[in-house]
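Me: Please take me through how the helices pack in this model. I want the reasoning behind each label.

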Amino acid sequence: MHIPEGLIPAQQAAAWYVPAVSFVGVGLVGLKRRLVVKPELRPLIGLMGAFVFLISLIPLPVPGLGTVSHPCGTPMAAILLGPFTATVLGSVALFLQSLFFAHGGITSWGANVIAMAVGGSFSAYGVFRVSRRAGLGIGVAAGMAGLIGDLVTYGITSFQLALALHGDEAVLNVWGAAFASFLPTQVPLAIAEALFTAGVVVFIANQRAELLEGAVVRP
Amino acid sequence: MGVESGAAVKRWVLILLVAGIFVAAVLFTDSRWDGDVTEGAATPLAEKAGVEESEVLPWKIDGDLLLFFFLSGGAVAGFAAGYYWRTLFPGSKSRETM
């Protein structure tokens with residue numbers, strides 16, 4: 001989920017904006033530099049931008065539960081383009097979704113960027129790199145990155161909600177309760193995200209292996 | 001030939017698997033999926049704290065207008081994804097002519 005408008009107090013919303021804008025700024029500068037050096041990345045960036053927008057907007061039903069949620073897409077973008085570029089793509093998707101699709105909010109944009117764009121991208125990228133160094137196959141590494149990136153996103157969102165809405169209770173208790181209430185819906189979605197991420201990355205590795213160099217290029 | 005038919009079988013198995021999951025989801029659940037996961041996680045917390053969601057814009061986007069935006073956004077993003085996918089992976093026929 002994206003945190004809707006109005007749920008986070010103004011001060012906290014502003015505080016989440018600071019790191020969000022910093023990450024997006026660094027990502028934009030790096031992206032501009034990369035496109036000068038490697039303009040052939042343009043189609044992959046366009047593809048990932050469209051994927052992140054679609055994947056993080058589509059409500060997928062979870063059979064048996066009667067709930068819907070969405071994957072993130074940022075883990076896949078981070079593996080293929082690096083975490084800073086994935087952060088930029090995620091932040092653009094979140095901005096458009098909050099404006100036109102009643103999905104997220106403008107004041108909560110900073111918090112959502114930190115959860116989905118930064119958290120999802122960097123955790124997935126880290127898991128992918130560590131898994132590859134540990135000798136795991138590219139599909140398994142990408143799948144684990146998709147799974148962890150998705151769950152980390154919802155872990156951060158739960159923390160942000162707990163921080164904003166804990167009232168008299170301890171933040172950690174509310175965080176745990178909020179994250180636990182996400183899990184029944186989000187675990188199947190995380191598995192779906194893992195399969196999709198692994199499928200796309202393996203396909204690209206088989207068809208255009210040179211594109212995967214983006215995974216090791218710094219922003 | 002064998003490789004091609006194997007790939008076609010794989011593709012159809014995948015399509016049927018995904019279709020089966022969605023058909024099963026519709027048939028074996030009483031709920032109408034009328035709520036995002038927000039309903040189960042964020043809304044109870046917000047109600048307890050006495051906080052309500054508010055609109056992003058001064059005017060409200062809902063009903064068929066929201067549907068319009070969803071379909072338009074999905075179509076544009078889908079077109080862009082297809083266009084860039086085709087640029088990156090032209091396919092065997094296009095590659096042969098290049």
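Me: What is the handedness of the crossing of H2(A) and H4(A)?

Reply: It is right-handed. The model is a predicted one. A crossing is called right-handed if the near helix is turned clockwise from the far one by less than a right angle.

Me: Why is H2(A) called oblique to H4(A)?

Reply: H2(A), residues 42–55, and H4(A), residues 83–100, pack at an angle of about 45°. Roughly parallel needs under 35 degrees, and roughly perpendicular starts at 65. The angle fits neither, so H2(A) is oblique to H4(A). Their axes lie 9 Å apart.

Me: Which residues of H2(A) make the contact with H4(A)?

Reply: Ile45(A), Met48(A), Gly49(A), Val52(A) and Phe53(A). From H4(A), the partners include Leu89(A), Ala93(A) and Leu96(A). This contact divides into 8 nonpolar, 3 polar and no charged residues. Gly counts as polar, so Gly49(A) and Gly90(A) fall in the polar group.

Me: What makes H1(A) roughly perpendicular to H4(A)?

Reply: The axes of H1(A), residues 10–37, and H4(A) cross at roughly 115°. The roughly perpendicular class runs from 65 to 115 degrees, so H1(A) is given that label. The two axes come within 8 Å.

Me: Is the crossing of H1(A) and H4(A) left-handed or right-handed?

Reply: H1(A) passes H4(A) in a left-handed crossing. Residues of H1(A) in the contact include Phe23(A), Gly27(A) and Leu31(A). H4(A) contributes Phe84(A), Thr85(A), Thr87(A), Val88(A) and Ser91(A).

Me: How many charged residues are in the contact of H1(A) with H4(A)?

Reply: None; the residues divide into 7 nonpolar and 5 polar.

How values were computed: Residues numbered from 1 in each chain as written. Chains lettered and ligands numbered in written order. Predicted model: local features only at pLDDT ≥ 70, side-chain atom pairs only at ≥ 80, totals over all residues. Axes fitted to C-alpha atoms, helices over the stretch in contact; angles between N-to-C directions. Helix = DSSP H or I, 4+ residues; strand = E, 2+ residues; numbered from the N terminus. Parallel < 35°, antiparallel > 145°, perpendicular 65-115°, else oblique. Contact = placed C-beta atoms within 7 Å.
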